[in-house]
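Reader: I am new to this structure. Please take me through one part of it closely, then show me how the rest is laid out.

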Amino acid sequence: MTGGFYSTSLSRPGAVLAPMAGYTDAPMRQLAAEHGALWTVSEMISARGLVSGGDTEKLNLGRPYAGERGRVVQLFGADPDVLAAATSRAEAWFAPAAIDLNMGCPVPKIRGKGGACLLQTPDVAYTLVRAMRQATGLDVSAKIRLGWDHDRSVEVAQGLAAAGAALITVHGRTSAQRYTGHADWDAIARVAAAVDVPVVGSGDITSADLARERQRCGVAAVMIGRGAVGNPWIFTALRDGTEAWPDVGTRARTALRHAELQAAFYDDDSGRLTLRPLRKVLPAYLPDVPAVRDALVQVVTVDDVRRALAPLLDTPDTPAWPESSEGIGRPVAGYAVLQR
Ligand SMILES: Cc1cc2nc3c(=O)[nH]c(=O)nc-3n(C[C@H](O)[C@H](O)[C@H](O)COP(=O)(O)O)c2cc1C
């Protein structure tokens, strides 16, 4: 029995926040959800790590913010018993809406332990999905790349659907490509046409207009990763059919709120809280205000962020620049930095 989370969520317009290790923690998910994301996905969590204890870091990867709903937890691993146990534990500890299997991570560290290497042995992945389904009544999904070094996405997606995956997300690159070249949306369209479960497409969406164009290839929804860093408004635009790109003051206030959410979520009363992980994120809210960049990449505390943004926080609501005809007119200069 599946919980039907995905089919219910897909009855509304909008886009999905992609899982991104080092980015899609609770504060980023909260902002995306508040701005209209259909659902969000956690950073990947090691199934083995979760089963063998769960230190603070792993707990934080899966821990929801107060009131969080519509958040999928993503697990990686390669052993069916471990994945089954981790699925049960994730359900009990993290209250997710669904559980996703990572089949796309190309980082060498986890080769042989799951991620994209499962694309070389898809039969193992089918076993994992079956084991996960046995462990939970929630929807189980998988997120794949096109293949390891060549496109075998239709075959793999059909196998996953037969194993019981309720939804399949396809990042339109092979693992060998990592983040180079372009996502192949023709290949994603072929998968969408070949399976009878919903397919979500992922790769290189930088504007609401581009998202709408990609949506027309037959996918059930599009997923946005790097293009949503510093830009939760892309979800509002896709939910409401608008082209919202807010003024500088709104973006500065949202960047400050991101810092406040970060401080509240990670506060462990140790006094050691640092906003260093946000140094790569905060400037993305204000790509058109280079004057604040130097200060934002050095922040440690919320007060540092407030001081850096002070000249902008009371800016009256005036458009940052005329809307371009190409989407929401947001420069994507920092986009290439977010590769790994
Ligand atoms: C920094 C970073 C971390 C990522 N971490 C994950 C992850 O934990 N799990 C996953 O399935 N995909 C991960 N991805 C892949 C994204 O979910 C997405 O499929 C890919 O970035 C293409 O979409 P985009 O062009 O919209 O960013 C990551 C991508 C980036 C750039």
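Reader: Does Cys-105 count as buried or exposed, and why?

Author: A caution comes first: this is a predicted model. Cys-105 counts as buried, because 24 C-beta neighbours lie inside 10 Å. The cut-off for that class is 20 or more. Cys-105 belongs to a loop. Strand E5 (98-103) comes before that loop, and helix H6 (122-135) follows it. UniProt lists Cys-105 under "active site", in an unreviewed entry.

Now the setting. The protein chain has 340 residues, and 51% of them count as buried. It holds 13 helices and nine strands. Take the contacts with a separation of 6 or more: 70% of them join residues 24 or more positions apart.

E5 also borders another loop, the one that runs from helix H5 (80-94) to E5. Ala-95 lies there. Most residues other than glycine have a negative phi. Ala-95 is not a glycine, yet its phi is positive, at about 45 degrees. Ala-95 counts as partly exposed, because it has 14 C-beta neighbours inside 10 Å. Residues with 12 or fewer would be exposed, and those with 20 or more buried.

Asp-204 also has a positive phi, of about 70 degrees, and is not a glycine. Its loop links strand E8 (199-202) to helix H9 (208-215). Asp-204 is buried, because 20 other C-beta atoms lie within 10 Å.

Last, a pair of helices. Two packed helices are described by the angle between their axes and the distance between the axes. Helix H2 covers residues 26-34, and helix H11 covers residues 248-266. Their axes come within 8 Å and cross at roughly 135 degrees. H2 and H11 are therefore oblique to each other. The crossing of H2 past H11 is right-handed. On the H2 side, the contact is made by Ala-26, Pro-27, Gln-30 and Leu-31. On the H11 side, Thr-254, His-258, Leu-261, Gln-262 and Phe-265 take part. By class, this contact has five nonpolar residues and four polar ones. No charged residues are in it.

Back to the starting point: Cys-105 sits in the loop between E5 and H6, and it counts as buried.

Conventions: Residues numbered from 1 in each chain as written. Predicted model: local features only at pLDDT ≥ 70, side-chain atom pairs only at ≥ 80, totals over all residues. UniProt positions renumbered as here; feature names shortened; annotations may be inferred. Helix = DSSP H or I, 4+ residues; strand = E, 2+ residues; numbered from the N terminus. Contact = placed C-beta atoms within 7 Å. Axes fitted to C-alpha atoms, helices over the stretch in contact; angles between N-to-C directions. Parallel < 35°, antiparallel > 145°, perpendicular 65-115°, else oblique. Left-handed = near helix turned anticlockwise from the far one by under 90°. Nonpolar A, V, L, I, M, F, W, Y, C, P; charged D, E, K, R; others polar.
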